[in-house]
Amino acid sequence: MKGSLEVLDGGLQTTVQDLGRVGFRKYGVPVSGVMDEHSCRLANWLVGNAKEAPVLELTLQGGSFKFQSNATIGITGAEAEMNVNGSPVQPNKTIEIQHGEVLNIGRVKNGCRIYLGIAGEWEIEKIMGSYSTCLSANFGGFEGHALTKGDVLSWTSPKKLIEVKTVPQKMIPHYASRQTIRIIKGPEWDWLSEAQQTEFLAADFIPTSQSNRMGIRLESSFVPDIRKGEMISSPVVPGIIQLPSDGAPIILIKDGQSVGGYPRIAKVIDADLWRIGQLWHRNEINFSLISIEEAKELYKYYLELWDKLNS
């Protein structure tokens, strides 16, 4: 059976995303994909979709969507008020929507991005193996752009009955205004003196309003003095922390470039990358340096939690 919804209000930035576009960075194509993979996986889990299935990613300001058919949905991620035809609904639970009902999602209170999963196979073209929208190059997702009023998203509903689920409490993040993000050393970590390394790890950073899907720009009292001079442009990946000459670090994320010319002083560990996707300028973060071995164990533990959830 076919299903669809009409966008009544696309909010600030609502895009179709999945887990990203893999294998094309050597051609300069960004990974793209959801900023918060944890919440994306949960949204798809709630509706019985594969973890690689597309979702809607809503940034800061939610949106309004009129369903033109019955649907099973799951909402995860940042905290916000939401309702169906004026009646409040709760996130992190499987929700049944009836034909003609309108889902309204308000402005986020904590966190930055909300994820909406819809049961079924979405009628969206895969480009380079992914449904993700690359806003910087205007391709992928829904015609390469953020959803706007009047857009209609369609899917084929699953034939099987969808199990009603609730996300276990231990899997629901707490979006604290102050967070510690774990990192490992980057290739140019030693370009900082020992004193500056200590200062960097002791500093508090605030994401600026110039942050976007390409990078989280940080400001603080940290003032580095790197005297190594210019470096040759080198490969970078999501999570790399670059240090421009002005001393304001940038955490590269999903739509970031594939090479960069700034020192790569650190990298956010894989187990914490999804947390970066929920940061915005009201938050404050600091960094904790751990070993590569610890980072691997933390990611292994994270994957084990998902295996238990799906068992």
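**Close-up views of the predicted model**

**Figure 1. Surroundings of Cys 134 and Cys 40.** The cysteine sulfur closest to that of Cys 134 belongs to Cys 40 and lies 17 Å away, which is too far for a bond. The coordinates shown here and in the other views come from a predicted model. A disulfide is counted when two cysteine sulfur atoms are within 2.5 Å, and by this rule the count is zero. Cys 40 takes part in no disulfide either; the sulfur nearest to its own is that of Cys 112, at 16 Å. Cys 134 is buried, its relative accessible area being 0%. Cys 40 likewise counts as buried, at 0% relative accessibility.

**Figure 2. Packing of helix α1 against helix α4.** Helix α1 spans residues 37–46 and helix α4 spans residues 292–310. Their axes are 12 Å apart and make an angle of about 5°. The two helices therefore run roughly parallel to each other. Which residues form the contact between α1 and α4? From α1 come His 38, Arg 41, Leu 42 and Trp 45, and from α4 come Tyr 302, Trp 306, Leu 309 and Asn 310. By residue class, the contact is made up of five nonpolar, two polar and one charged.

**Figure 3. Helix α1 and the elements that cover it.** Nine of the ten residues of α1 are buried, so the helix is mostly covered. The buried residues are His 38, Ser 39, Cys 40, Arg 41, Leu 42, Ala 43, Asn 44, Trp 45 and Leu 46. Among the elements that cover these residues are the strands β3 (55–59), β5 (71–84), β7 (94–97) and β8 (102–118). Helices α3 (273–276) and α4 also contribute to the cover. At the N-terminal end, α1 is capped by Asp 36, with a side-chain oxygen 3.1 Å from the backbone nitrogen of His 38. After the helix comes Gly 48, which has a positive phi near 80°.

**Figure 4. Leu 309 in helix α4.** Leu 309 belongs to α4 and takes part in the contact of α4 with α1. Is Leu 309 buried or exposed? With a relative accessibility of 14%, Leu 309 counts as buried. Leaving aside residues up to four places away in sequence, Leu 309 touches Leu 42, Trp 45, Pro 168 and Met 171. Two of these partners, Leu 42 and Trp 45, are listed among the α1 residues that meet α4. Leu 42 and Leu 309 are 267 residues apart along the chain, and their C-alpha atoms are separated by 9.8 Å.

**Figure 5. Gln 17 and its contacts.** Gln 17 is in strand β2, which covers residues 14–17, and counts as buried at 0% relative accessibility. Its side chain takes part in a polar contact of 3.0 Å with the side chain of Thr 15. A polar contact of 3.4 Å links the side chains of Gln 17 and Ser 132. Which residues does Gln 17 touch, not counting residues up to four places away in sequence? They are Ser 32, Gly 33, Val 34, Ala 53, Pro 54, Val 55, Glu 57, Ser 132, Thr 133 and Arg 213. The C-alpha atom of Gln 17 is separated by 9.6 Å from that of Glu 52, a residue 35 places apart from Gln 17 along the chain.

**Figure 6. Ser 130 in the loop between β9 and β10.** Strands β9 (121–122) and β10 (152–156) flank the loop that holds Ser 130. The relative accessible area of Ser 130 is 0%, and the residue is buried. Its side chain makes a polar contact of 2.8 Å with the side chain of Asp 18. A polar atom of the Ser 130 side chain also lies 3.0 Å from the backbone nitrogen of Ser 132. Not counting residues up to four places away in sequence, Ser 130 touches Asp 18, Gly 20, Arg 21 and Glu 125.

**Figure 7. Positive phi at Ser 32 and at Glu 143.** Most residues other than glycine have a negative phi. Ser 32 has a positive phi, near 55°, and Glu 143 has a positive phi of about 55°. Ser 32 is in the loop between β2 and α1, whereas Glu 143 is in the loop between β9 and β10. Ser 32 counts as buried, with 0% relative accessibility, while Glu 143 counts as exposed, with 62%. Ser 32 is also one of the residues touched by Gln 17.

Note on methods
Residues are numbered from 1 along each chain as its sequence is written. This is a predicted model: local features need pLDDT of at least 70, side-chain atom pairs count only at pLDDT 80 or more; totals for chains, interfaces and linings use all residues. Side-chain values use heavy atoms; hydrogens and water are left out. Buried means under 20% relative accessible area, exposed over 50%, partly exposed in between (1.4 Å probe, protein chains only). Axes are lines fitted to C-alpha atoms, for helices over the stretch in contact, and angles run from 0 to 180 degrees between N-to-C directions. Helices (H or I, at least four residues) and strands (E, at least two) are DSSP runs, numbered from the N terminus. Angles under 35 degrees count as roughly parallel, over 145 as roughly antiparallel, 65 to 115 as roughly perpendicular and the rest as oblique. Contact means heavy atoms within 4.5 Å. Ala, Val, Leu, Ile, Met, Phe, Trp, Tyr, Cys and Pro count as nonpolar, Asp, Glu, Lys and Arg as charged, and the others, Gly among them, as polar. A polar contact is a pair of N or O atoms within 3.5 Å; within protein, one must be able to donate a hydrogen and the other to accept it, and residues adjacent in sequence count only if both atoms are side-chain atoms.
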